[in-house]
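Please examine the structure below. The questions that follow ask how certain descriptions of it are justified.

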Amino acid sequence: MQKIPLSNPDITDIEKQKVLDVLNTPNLSLGPELPEFEKAFASYVGTKYAVAVNSGTSGLHLCVKSLGIKDGDCVFTTPFSFIASANCLLFERAIPIFVDIDEKIFNIDVDKLESAILKAKNEGKRIKAILPVHVFGRPCAIDAIKNLADEFKLSIIEDACEAIGAEYLSSNGNWKKTGTFGKAAVFAFYPNKQMTTGEGGMIVTDDENIYKLCRSLRNQGRGDGGGWLQHERLGYNYRLSNINCALGLAQLQRIEEMLDKRTKVAELYNEKLKKINEIILPQKEDNKKISWFVYVIRLTDSYSQKDRDFILDELRKEGIGCSNYFTPIHLQPFYQNTFSYKYGDFPITEKISERTIALPFYNNLSESQIDVVVQALRNALNKIQSGQDPTTR
Ligand SMILES: *Cc1c(COP(=O)(O)O)cnc(C)c1O
């Protein structure tokens, strides 16, 4: 039995009522809650437009498609992410070019990005875009990525699925939210994210063409003026129902409160874990505000993947939810089989992936629950040190 889950959505009675209100109308889809949610979301992030879709993955797919990325086009992204950030390229038969991550922040390493771009260019590849991921709610090195995109005429699609409300201090001295620096960006609302609609996602952009195209593509390729059975292009059913939109709108209205709660939980963890020498805590950066999606610690390099897996097992035995965010994308069976990737291709991603532990993390995680988690972690580490770990058994 799980005593403390890994994540836990925070839904108020008011939010439940908003969902019921929709169920009491005949408009379960394409009703007024859809544009209301989109408008409120665009205004929160600071973009001109927003297009709600039924998942973050659908949103990423439509961004790729609406930017005209197609068969054989190359897009730079990282293997340390949730699989959707690379799959969305494969949907259009584009080619992900993986770039390893920065060891401290787990986001794309901009020096390696530059080398990868130069290499692909020299090889005559059709390079089209950069798809950076704001992993765990931490903004990427945004200015550096923008500079490279400008220099090599690449579009940027931000995978901001884990980073609603995260901010970075841009070189001109303004704090800006993630989701505002790419051609388009995508957020996601699966139940473990900072805010949820059950399932759902949101594309944001300042580009009117992308906006119009994404609206059409999510709705079976229908045009704005045409009828219900008029289809101008190959489209999809990626619509988000009004039931989900109502929940999303209500969640968005208290996003600051929710992000504050998460920051407090993260700070409590930081405080209670700082004396444990065997682990590395999430790193601080002056020019960034993390939107806490998950709380991920990392074992120091002297520990192995076996040690990490032992700790995960020990925590689970105590009823504590935990996970190994992420298994590298290039080592997923489908990617290994399709692209012949092998262990060793992206050493930093591999080293980090083998040693991360995502601890229980959600808005209403209490201090006493955190104490239970921290104690269980200490116990597991002690077992390893006293020789009860899998490498010596
Ligand atoms: C959650 C997430 C997505 C989108 O996931 P969906 O389940 O399709 O909403 C995409 N990229 C990253 C990095 C994510 O964490």
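Q: Where does Arg93 lie?
A: Arg93 lies in the loop between helix H4 (84-90) and strand S3 (95-98). Helices (H or I, at least four residues) and strands (E, at least two) are DSSP runs, numbered from the N terminus. This is a predicted model, in which local features need pLDDT of at least 70, side-chain atom pairs count only at pLDDT 80 or more, and totals for chains, interfaces and linings use all residues. Residues are numbered from 1 along each chain as its sequence is written, and side-chain values use heavy atoms, with hydrogens and water left out.

Q: Why is Arg93 called exposed?
A: Buried means under 20% relative accessible area, exposed over 50%, and partly exposed in between (1.4 Å probe, protein chains only). Arg93 has a relative accessible area of 58%, and is therefore exposed. Its phi is positive, about 60°, although Arg93 is not a glycine.

Q: What makes Lys153 exposed?
A: Lys153 is exposed because its relative accessible area is 73%, set against the cut-off of over 50%. Lys153 lies in the loop between helix H6 (142-151) and strand S5 (155-159), and its phi, near 55°, is also positive in a residue other than glycine.

Q: Why is Glu36 called partly exposed?
A: The relative accessible area of Glu36 is 42%, so the residue is partly exposed. Glu36 has its place in helix H2 (residues 33-45).

Q: How do you know that a side chain of Asp159 makes a polar contact with the ligand?
A: A polar contact is a pair of N or O atoms within 3.5 Å; within protein, one must be able to donate a hydrogen and the other to accept it, and residues adjacent in sequence count only if both atoms are side-chain atoms. A polar side-chain atom of Asp159 lies 2.8 Å from a nitrogen atom of the ligand, so the pair meets the limit of 3.5 Å. For Lys193, a polar side-chain atom lies 2.8 Å from an oxygen atom of the ligand.

Q: What caps the N-terminal end of H10?
A: Ser304 does so, with a side-chain oxygen 3.3 Å from the backbone nitrogen of Lys306.

Q: How do you know that the span of H10 is close to the one expected?
A: The expected span of a helix is 1.5 Å times one less than its number of residues. Helix H10 (residues 305-317) has 13 residues and reaches 18 Å from its first C-alpha to its last, close to the expected 18 Å.
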